[in-house]
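Hi,

Here is the structure I promised to send over. Have a look at it first, and then read my notes below.

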Amino acid sequence: MSAVIDGRAHGAASQREATAAAPLQALKITKRFGGLTALDDVSLELRPGEVHGLIGPNGSGKTTLLNMLSGYYEPTAGEIRYRDLSLGAASVQQRAAIGVARTFQKPRLLPMLPVLDNTMLGAWSHARSGFLATALGLPAGRAEEAALRERATELLHGVGLGAVIHRRANGLDHAQQRFLEIARGLALQPRFLLLDEPAGGLTGAEIEHLGAVIRTVRDAGIGVLLVEHHTDFVFRISDRVTTLNVGRLLRHGTPDEVRHDPEVIRVYLGA
Ligand SMILES: Nc1ncnc2c1ncn2[C@@H]1O[C@H](COP(=O)(O)OP(=O)(O)OP(=O)(O)O)[C@@H](O)[C@H]1O
């Protein structure tokens, strides 16, 4: 699958290297919803080619931070940054151009559309000729659609959905829907993939498969943010881990540092 999940062409080699190494940054983020402070002065840096686990008790602000990094919410204070770009109010198109893809706690798919079409929707931001040329059956549009279809098919095989590419999304089981969301995110050719509780409702074997997919994505140079309650899984697969508690940064470090931190054990992991 890594051959499919490759980087994009971005001008000169040095420019490409700088871009490839640039992190997606949350800088001193505060987010208030009315009187509730969901995040309070939290920073996090997601580097390309690493898995960054984000854990913490229910309501600690994990999804809010993911929503902030993906541009769904604007910070009350602080900044989301990629290179020299402040993403506070970045549009969907800008986010796609930067290469930030995400999945949701409850998969958001188009239920009546086939699995392949759901996946291709993730790739349309890269189409040069666009919907109109395709709808009008112009040669450039047709060629582009064929290329997107091929890539989406490869991705679906890569995440283990090769046998169901023509099935409607609502005919998939829960785990398959989760992997479909990941394939759709990867179709964007992202630099950063933000996963919101991807292991929720999966069996042990399915979680192992998820781990293999995430490792391949990381090895392709993509930065993966993993918001997850399955802490064993997070510690096993992450390069770095950030823990939140009631909207504040509790601990940040390697999996071993976080796992053995007395405060993290006290408020989240238990004895
Ligand atoms: N759109 C919103 N409007 C109002 N309050 C919100 C909104 N989104 C989140 N919150 C509140 O912000 C706090 C943090 O929520 P968030 O969903 O980020 O936590 P979480 O750590 O992801 O929790 P969980 O593990 O249960 O998914 C909670 O108190 C939540 O109720």
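Val241 has Gly253 in β10 as its bridge partner. This is a predicted model, so please read everything here with that in mind. The two strands involved, β9 and β10, pair in the antiparallel sense over five bridges. They form a hairpin with two residues between them, and Val246, in the turn, has a positive phi of about 35 degrees.

Zooming out, that hairpin belongs to an open sheet of six strands, in the order β6-β7-β8-β3-β9-β10, with mixed pairing. Which strands stand at the edges? They are β6 (100-102) and β10 (248-253); each has a single partner strand, so one side of each is left without a neighbour in the sheet. From one strand to the next, the twist averages 20 degrees.

Over at the β6 end, the pairing with β7 (residues 192-196) is parallel and runs over three bridges. If you want a spot to click on, Ala101 stands opposite Leu193 in β7. As a reminder, strands of a sheet pair through backbone hydrogen bonds, either parallel or antiparallel.

Back at the β10 end, there is a helix to look at too. Helix α11 (residues 262-269) lies across β3 (51-55), β9 (240-245) and β10, and runs at about 125 degrees to β10.

Now for the ligand. The residues around the ligand are Phe33, Leu36, Ala38, Gly56, Asn58, Gly59, Ser60, Gly61, Lys62, Thr63 and Thr64. By type, this shell divides into three nonpolar, seven polar and one charged. Two elements, β2 (36-46) and α2 (62-69), each supply at least two of its residues, and the largest share, three residues, comes from α2.

Last, the nonpolar core. In soluble globular proteins, nonpolar side chains tend to be buried together. Here the largest nonpolar core has 66 residues, and the members touching the most others are Leu65, Leu69, Ala183 and Leu225. Helix α7 (residues 174-187) gives the most to this core, with six residues.

What does Leu65 contact, once its neighbours within four places in sequence are left aside? The list is Ala26, Ile29, Leu39, Val42, Leu44 and Leu54. If you colour those in your viewer, you can see the surroundings of Leu65 for yourself.

Shout if you'd like to go through any of this together.

Cheers

Technical notes. Residues are numbered from 1 along each chain as its sequence is written. This is a predicted model: local features need pLDDT of at least 70, side-chain atom pairs count only at pLDDT 80 or more; totals for chains, interfaces and linings use all residues. A nonpolar core is a set of buried Ala, Val, Leu, Ile, Met, Phe, Trp, Tyr and Cys residues joined through C-beta atoms within 7 Å. A residue is buried if 20 or more other C-beta atoms lie within 10 Å of its own, exposed if 12 or fewer, and partly exposed in between; C-beta atoms are placed from the backbone. Helices (H or I, at least four residues) and strands (E, at least two) are DSSP runs, numbered from the N terminus. Two residues are in contact if their C-beta atoms, placed from the backbone, lie within 7 Å. A residue is near a molecule or strand if its C-beta atom, placed from the backbone, lies within 6 Å of it. Ala, Val, Leu, Ile, Met, Phe, Trp, Tyr, Cys and Pro count as nonpolar, Asp, Glu, Lys and Arg as charged, and the others, Gly among them, as polar. Two strands pair if DSSP finds at least two bridges between them. Axes are lines fitted to C-alpha atoms, for helices over the stretch in contact, and angles run from 0 to 180 degrees between N-to-C directions.
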